[in-house]
Every structure is written in C-alpha cells, then in structure tokens.
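Okay, thanks for coming, everyone. Have a look at this one with me, and then I'll talk through the chain and its contact.

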Amino acid sequence: MALPLPPGLTPPEIAFICEMELVTIIPRQRLEGLELLGGPLKPLNPPQRASLPLWLALLLKRQRRANIIPPPWLSPDSLAAILQFETESSPDAFSPPPRLPPPPSSTTIPLSSPFLPSSTADAPADALPYHWLELGSMLLEAAPDDFDDADEVRKLLRGLREARMAKLRQGVEVLDAGGGFKMNGVGGMELGEARSFITGVVDGLRKIGKSREEARRERERENGYSPSQNYEDDEMDMR
Amino acid sequence: MDIDDLLAEVAVDTTPQETRDLQALTRAWVAERVAPEMLAWPGSLMERVLERVRRQIELVEDQTGSMDPKTNFKLIVIQTELERFKFLVRSFLRSRLRKIDAHPLHILALHTDADEMHPLLSPAEHQYLTSHQTLLSTHYASSFLSQFPSSLQRLDDTTGGISMVDKPDEDAAVFVRVLRDVGEVAVEGTEKRFEMKRGDVWKMYDITPGVAGSDRWARDEGQNAVHSGERTK
Amino acid sequence: MTYYDVDAILTDAQKVPCTFELTVPGLGFLEGNMSGDIKHGSKVELPLWLGEMLALSQSLSTGTPLVSLDHPPALSPRVLNALKADARTVDLRALVPHFYNLGARVLELFEEEEMIEVLSDSFKARAAVIADQAHNPRGALGEGADFMRGLDENERQLFRASHDSAKAVRTWMTDIKT
C-alpha cells in the first residue's frame with residue numbers, strides 16, 4: 001500500500017533517525033554480545049561504559065538495566081553559553097555545528113548524522129549537533145534522573161528552541177537568493193518544522209519569477225552562455 | 001555511481017558490512033522520502049538486507065518459548081531492532097509505491113530508458129506498475145473511455161502543447177547536506193557561484209553543476225538530503 | 001503546469017479584457033450577438049486560455065493578431081500600487097482566488113520586470129505574517145482574521161502547511177511524554 005505521507009520527514013520519522021545516534025551508557029547488568037542486523041553488539045560488563053544507539057540505550061534505561069550519560073553539550077553550562085551566543089553574539093545566524101572529524105579517505109563512504117558520534121560522553125561540549133532538540137527531549141523524558149539538573153536543562157532547551165525558530169521565520173528575505181542558501185547549524189527537527197514553509201515560499205517565488213527565468217534561458221540558448229568570473233558568495237545570514 | 005558502487009569501493013573499511021548496510025539503507029530511505037522523483041533501485045543492498053531480516057525472523061521464531069530470562073531479554077533486543085529494520089524497509093518501499101501510483105507512465109518511460117545494470121525499478125515494482133496500469137486502463141475503457149471518440153481515448157496524448165503524462169516538479173527546492181567537498185557550483189543563467197563544503201546544509205533550487213563536473217553531482221555527493229527537504233538534485 | 005493541475009485550470013479560466021483588432025465573421029456570439037460578426041475594436045472579457053490563443057493567432061495577410069490582451073483588473077496599476085504601499089493590507093482573495101498564479105500567467109504574456117518585483121516582494125512580506133500566524137493560531141482568529149481571509153490560494157496552502165508542521169512537532173513533543 002502506498003505511503004499516504006507527502007515528501008519530507010515527519011517528526012516521528014526524524015526521531016526514529018535520531019534514535020540511531022550513539023550515546024554512552026553505564027550498564028547495571030551484564031549482557032552477552034549479540035549479532036544484530038545493524039552489526040555486532042559488544043558484551044556489556046558493568047561498570048564499564050559502552051556506546052550504543054539511542055533506541056537500545058532507552059530500552060535498557062526503561063528496564064533499569066543501565067544509566068545514560070548525557071552528552072557534554074546537554075549540560076546547563078554548555079547550553080547557557082550556546083543560548084547566549086545565539087541571542088547576543090549572533091542574533092541572526094545559528095551557532096555553528098560541531099566540527100567534523102577529519103575527512104574520510106576517498107575510498108570510504110562519508111558518514112553524516114546520525115552515524116557521526118556527536119552525542120557520546122566524549123562529544124564536544126560547545127556546539128549543538130544536528131539532532132540536538134530530539135535527542136535532548138527524549139533523554140529528558142526517559143532518563144531525567146541521569147541529569148544533574150534536568151529542570152534547568154529543560155528550560156534552556158526551550159529557550160534555544162524559541163530563539164532559533166524565530167530566526168528561521170525571520171529568514172524570509174533570503175529565500176529568493178537565486179540558487180540556494182546555506183543553513184549550517186540548523187537542526188533536524190527544526191528543518192522538519194520549517195521545511196514546508198521554506199519550500200512553499202521558495203516555490204511560490206520561483207513561480208512568480210518563472211517568466212523571467214525562461215526568458216533568460218531563451219537568451220542564453222541564442223547567445224551561448226559564458227560564465228563570468230565574478231565570484232559572489234551567496235552565503236546568507238542563516239548559517 | 002550508486003550505493004552499491006560506493007559500497008564496493010569501501011572493501012578496505014573495517015566497519016562491518018551490516019553496519020554499512022544500515023547506513024546505506026537509512027540514507028536511501030531518507031532520500032526516497034524527500035525527493036519528488038523516483039531514485040534508482042538499490043538492488044544488491046536490498047537483497048542483503050532482506051536476506052538478513054529473513055534469517056533474523058527465523059532466529060526469533062526458533063528461540064521464542066525459551067523460558068530463560070536472560071535469553072528472553074536478548075530476544076527483546078533482537079526483536080526491537082528487527083521491528084526498526086522492518087519499518088525502514090516498509091517505509092522505503094511504500095514511498096516508492098506512492099511515486100509509482102502518482103506518475104506511472106513517466107516512471108515507466110524512465111525505467112525503460114534506464115541502463116540495465118542500474119534499473120530504476122525492482123522487478124516486483126515493474127510488475128506492479130504494469131499490472132496496475134493494465135487494470136486501470138481496462139477499467140477506464142469499460143466505464144467511460146470507450147464511449148469517447150477514438151481520438152479522445154488516449155491517456156498519454158502529448159499533442160496540444162501539454163502532455164497528459166504527468167511528472168513530478170523536477171525544479172522543486174530541496175535541502176541537501178554535502179558529504180564531500182563539491183567545489184564551486186554555478187546557478188544557471190546568473191553570475192552566482194557558491195562553494196559547497198563537506199558538512200554544509202543547503203537549501204537549493206535551479207542549480208546546474210559548475211566545476212563539480214557530472215550533472216549527477218548532488219545525487220552522488222549531496223544526497224544525504226538532510227532529514228527533510230524535497231529532493232536531492 | 002501539469003495536465004491534471006486543478007489550480008492551473010482554474011487560473012486559465014480567469015477572464016481577461018480583450019480587444020478585437022480585426023472583424024471576425026461568425027464570432028459575434030462572444031459578445032452576445034448570436035448570429036453576427038464580431039467587429040474590429042470590440043472589447044470583450046474572455047477566459048485567459050481563449051484570449052491567449054486568439055492573441056497568438058495572426059491574420060495571414062497582414063500579420064496583425066486577432067485580439068490584443070490587456071491586464072486583468074486584479075493586476076491593474078491601482079492594485080500594484082496598493083501592494084507597493086503595504087502588501088499586508090490588500091485583500092487578494094477578493095481580487096481573484098489564484099492571484100499569484102494569474103500574475104505568473106500574465107507575466108508569461110507581457111514582459112514586466114516591475115510586476116515581478118511587486119509580486120515577489122508582496123509574497124515575501126505576506127509570507128512573514130503567515131509564518132507568525134501559523135505558529136500563533138489565536139492571532140489568526142483575532143486581529144489577524146481579516147488578513148487571513150484575504151489570502152490567495154497559494155498563501156492559504158502555505159499557511160496550512162506551516163500550521164500542520166508546527167502542530168506535528170507539538171504533537172510529537174507531547175507523545176514522548178507518555
């Protein structure tokens with residue numbers, strides 16, 4: 001049966017992807033190694049830390065078989081610093097995403113979220129990873145006792161969400177920058193929420209400007225197109 | 001270059017094949033969910049994944065009934081993961097079915113033109129499309145088309161300036177994430193250029209390749225269309 | 001435009017003012033004269049698809065087009081000036097439900113850089129308000145109600161899509177709590 005959903009991911013689907021992110025746990029019980037479909041799972045030996053996909057960590061947590069160590073960026077200090085950056089230092093742009101690991105060799109598939117470990121216990125503390133909102137919300141719900149100050153973290157997450165959504169909504173002006181614009185630092189759930197609006201505006205403007213676009217293509221077919229050397233960086237303030 | 005070629009290249013990688021397949025399947029699913037057009041069928045990836053899913057189901061069936069609480073929890077983990085895989089495969093196949101239903105004739109033409117080594121549709125999808133189309137046209141013919149003048153009975157007429165064969169909006173805007181440095185990209189008909197670097201997230205439309213080369217640059221390089229976005233061009 | 005696109009079909013059914021440049025025998029029914037000819041200089045309102053077809057057909061001998069098209073009233077200079085003054089106060093829906101689509105079609109027939117600018121700027125200015133309303137549904141009922149009633153069809157779809165995606169995220173946030 002065909003899928004009834006339009007293109008674009010729904011919040012539960014974005015959360016499903018987020019559940020593949022690795023997090024660090026401290027097992028409270030032993031678990032033998034398992035051959036899973038997504039690759040082998042190493043044996044769990046308390047109190048040795050282990051990194052597991054979030055879905056498994058949540059399953060262990062619910063059964064009280066493990067505690068989860070929240071990633072360093074999900075601490076009151078880090079979130080407060082990032083929130084200050086988002087509201088004061090950079091009122092228009094998102095805070096930069098975490099630094100990428102060194103580029104893979106040309107013979108490996110470049111990994112990207114959720115397969116880059118950005119939420120384990122040794123992840124950087126100074127940047128919000130792609131799935132920050134989903135991962136933070138799910139951990140706060142399932143493992144509030146694993147946080148030092150869950151209420152403060154919850155409050156800061158809400159503040160960040162509001163500050164950043166306002167930026168996304170105010171960004172209408174850049175949407176007709178021909179070709180595209182950079183949105184570095186944006187989060188998965190945020191894109192899920194803003195996607196239909198951004199796409200609707202871009203496609204609406206594209207329709208209005210279509211006649212001009214077609215006239216230009218027509219001229220180019222007649223004159224032959226020679227790219228100019230002018231380099232204009234179209235980087236918008238929505239980084 | 002499709003996912004299988006990419007996988008062939010990484011034989012030296014130490015990551016287990018199972019893990020790489022999960023990454024590839026996730027990427028294929030996201031891309032299929034967000035792209036307005038049909039993407040090529042990842043044949044060997046799907047063969048491997050479905051075979052493993054089948055074996056895992058057998059394993060679960062064999063071990064169900066075991067009363068040992070330790071084995072029991074292992075089974076819960078295995079089953080939870082199995083359900084996640086089944087969701088991925090099912091959602092992937094169903095979003096492809098949605099596209100087949102929406103633009104059957106367009107997709108059939110693309111499939112017919114495609115390279116045999118890299119078919120657009122799986123054999124089952126192709127069979128579904130053709131049988132479904134046959135049923136539909138028989139139904140249309142018997143319920144109303146046969147009463148029209150013969151010149152008005154076609155469903156794939158292209159005369160009159162507008163084709164009856166519908167296709168998705170191929171210029172729709174998309175979100176992409178850049179997986180490898182792409183280099184400079186030019187916007188057709190303008191002097192705009194921009195540099196696309198690994199890790200960037202872009203919203204883009206109406207792009208033609210600049211120095212990046214092949215017109216399939218983004219399909220190879222940028223295709224991990226962020227978890228959102230309409231298409232990866 | 002695709003074959004089965006209802007919005008495109010409705011847009012093409014919009015009437016536009018047409019002036020006949022030639023006398024055409026037997027077309028009198030277009031202005032209610034069932035048996036006669038339509039005279040050179042007659043002004044009639046015709047659906048866009050028909051007006052366009054006639055404007056593109058030329059007399060074989062002189063090369064003059066059969067009719068000349070004029071801008072529909074919804075895209076008159078008066079409307080464009082009002083949009084330039086403050087796009088957020090114009091009731092587009094009262095002008096024509098498919099306002100921007102009609103604009104895009106008219107722009108295919110007339111080359112008018114300024115109209116593209118006015119329509120793009122209006123769409124952007126109004127989209128910003130739509131985004132706020134979509135996240136603040138109470139506003140749409142209160143003082144925003146007039147603005148919301150005046151949205152054209154594309155804008156309504158934009159509002160619905162943004163409203164639904166905001167709601168989907170809120171629903172997810174609530175669901176994980178259970």
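**Chain A and its contact with chain C**

So, start with residues 10-69 of chain A: the C-alpha atoms at the two ends lie 28 Å apart, and the span is 28% helix and 33% strand. Helices here are DSSP runs of H or I with at least four residues, strands are E runs of at least two, and both are numbered from the N terminus.

Quick note on the set-up: this is a predicted model, where local features need pLDDT of at least 70, side-chain atom pairs need 80 or more, and totals for chains, interfaces and linings use all residues. Residues are numbered from 1 along each chain as its sequence is written, with chains lettered from A and ligands numbered from 1 in the order written.

Chain A as a whole has seven helices and six strands, running α-β-β-β-β-α-β-α-α-α-β-α-α along the sequence. Of its 239 residues, 45% count as buried, meaning 20 or more other C-beta atoms, placed from the backbone, lie within 10 Å of the residue's own.

Now the contact with chain C. How many residues does each chain put in? It's 28 from chain A and 28 from chain C, where contact means backbone-placed C-beta atoms within 7 Å. On the chain A side, H1 (11-18), H4 (132-142), H6 (188-208) and H7 (210-223) each supply at least two residues. H6(A) gives the most, with twelve.

How values were computed:
Contact = placed C-beta atoms within 7 Å. Buried ≥ 20, exposed ≤ 12 C-beta atoms within 10 Å, placed from the backbone.
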